[in-house]
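This report looks at how helices in one protein chain pack against each other, and it is meant to be read with the structure in view. It begins with one helix pair and then turns to others.

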Amino acid sequence: MSASSRPAKSGVNYFLEGFSLIKRPGLRSFVFIPLMINLLLFAGVIYFAIGQLGNVFAWLEGQLPDYLSWLNVILWPLAIITLLVLLSFIFSSVMNWLAAPFNGLLAEKVEQLLTGKPLNTGGTLDLIKDLPRILGREWQKLVYYLPRAILILLLFFIPVIGQTVFPVVWFIFSAWMMSIQYCDYPFDNHKVAFKEMKFALKNTKGSSMSFGAAVTLFSMIPIVNFIVMPVAICGATSMWVDKYREAYRNPAIAPD
């Protein structure tokens, strides 16, 4: 089925489509490399962190009176779950930098698979030469994210109102940022400027926000969030093919 004849879907459906796309034979190797980097780094940090937790709990056990020794049974699982959740969020951010070149390649291969047309972005040497630009794009996203995240975090400290409004505002902002983060790879493959990419996503805000909301929700699930990155890239590229690609291949109809 050609890209133009593919039925339009919601942002959530595009994200879910990513689960089937990552299993396609031509894409598995591009999914496997960043996934293994992520898993190995995460396993190493978890191993180190649990060792440090063991030292902390050994010290704590020596401080607690005998009648409170049962607290260890409760605190250990809570500490491990908290550690997993925190590290999952941290690694999602770090891996976007480490895996940026692989993510662009994955988006390129997904687009080629869906359209049947190569992007002609060059070979390995061209990718190496392009690294400064790729990492610069990640820096643009970080610069866009940080001041807005800090302002929203300050909202939390407003008594009563802040604690009520903050979770909703933070979720909406996270959904928007997830849409920017993953939709940017296919846009960047076509050298579409960051500002233009944001404008395009705003023009299709319903799809963009529902896609980002799905990514955000799945990113909150420990272990499952390991595969969210390749799934989101595949889904975002599918959305690019259906909603944006034709406009940016034909500048006469691209957004101003």
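In this predicted model, helix H4, which covers residues 100-115, packs against helix H9, which covers residues 228-243, at an angle of about 45°, and their axes lie 9 Å apart. That angle makes H4 oblique to H9, and the way in which H4 passes H9 is a right-handed crossing. On the H4 side the contact is made by Asn103, Leu106, Ala107, Val110, Glu111, Leu114 and Thr115, and these residues meet Met229, Pro230, Ile233, Cys234, Thr237, Ser238, Trp240 and Val241 of H9. Sorted by class, this contact of H4 with H9 holds ten nonpolar, four polar and one charged residues.

A second pair is formed by helix H6 (residues 161-189) and helix H7 (residues 194-203), which pack at an angle of about 120° with their axes 10 Å apart. H6 is therefore oblique to H7, and the crossing of these two helices is right-handed. From H6, the residues Trp176, Ser179, Ile180, Cys183, Asp184 and Phe187 take part, and they meet Phe194, Met197, Lys198, Ala200, Leu201 and Lys202 in H7. The contact of H6 with H7 has eight nonpolar, one polar and three charged residues.

The third pair brings together H1 and helix H8 (residues 205-219), whose axes come within 6 Å and cross at roughly 50°, so that H1 and H8 are oblique to each other. H1 contributes Gly11, Val12, Tyr14, Phe15, Leu16 and Phe19 to this contact, while H8 contributes Ser207, Ser210, Phe211, Ala214, Val215 and Phe218. By class, the contact of H1 with H8 has nine nonpolar and three polar residues, and no charged residues.

The three pairs can be set side by side.

| Helix pair | Angle | Axes |
|---|---|---|
| H4 and H9 | about 45° | 9 Å apart |
| H6 and H7 | about 120° | 10 Å apart |
| H1 and H8 | roughly 50° | within 6 Å |

Two of the H1 residues named above also belong together in another way. Where do phenylalanine 15 and phenylalanine 19 lie with respect to each other in helix H1? They are four residues apart in H1 (residues 11-21), and are therefore separated by about one helical turn. The count of aromatic pairs in the model comes to eleven. In the pair of phenylalanine 15 and phenylalanine 19, the ring centres are 5.6 Å apart and the planes stand at 85°, so the pair is edge-to-face.

Finally, an unreviewed UniProt entry places the feature "transmembrane region" at residues 30-50, 70-91, 142-162 and 208-241. For residues 142-162, the end C-alpha atoms lie 24 Å apart, and the span is 76% helix and 0% strand. For residues 208-241, the end C-alpha atoms lie 14 Å apart, and that span is 76% helix and 0% strand.

Definitions and conventions
Residues are numbered from 1 along each chain as its sequence is written. This is a predicted model: local features need pLDDT of at least 70, side-chain atom pairs count only at pLDDT 80 or more; totals for chains, interfaces and linings use all residues. Side-chain values use heavy atoms; hydrogens and water are left out. Axes are lines fitted to C-alpha atoms, for helices over the stretch in contact, and angles run from 0 to 180 degrees between N-to-C directions. Angles under 35 degrees count as roughly parallel, over 145 as roughly antiparallel, 65 to 115 as roughly perpendicular and the rest as oblique. A crossing is left-handed if the near helix is turned anticlockwise from the far one by less than a right angle, and right-handed if clockwise. Contact means heavy atoms within 4.5 Å. Ala, Val, Leu, Ile, Met, Phe, Trp, Tyr, Cys and Pro count as nonpolar, Asp, Glu, Lys and Arg as charged, and the others, Gly among them, as polar. UniProt positions are given in the numbering used here, feature names are shortened, and annotations may be inferred rather than shown by experiment. Rings of Phe, Tyr and Trp (its six-membered ring) pair if their centres lie within 6.5 Å; planes under 30 degrees apart count as stacked, over 60 as edge-to-face and the rest as tilted.
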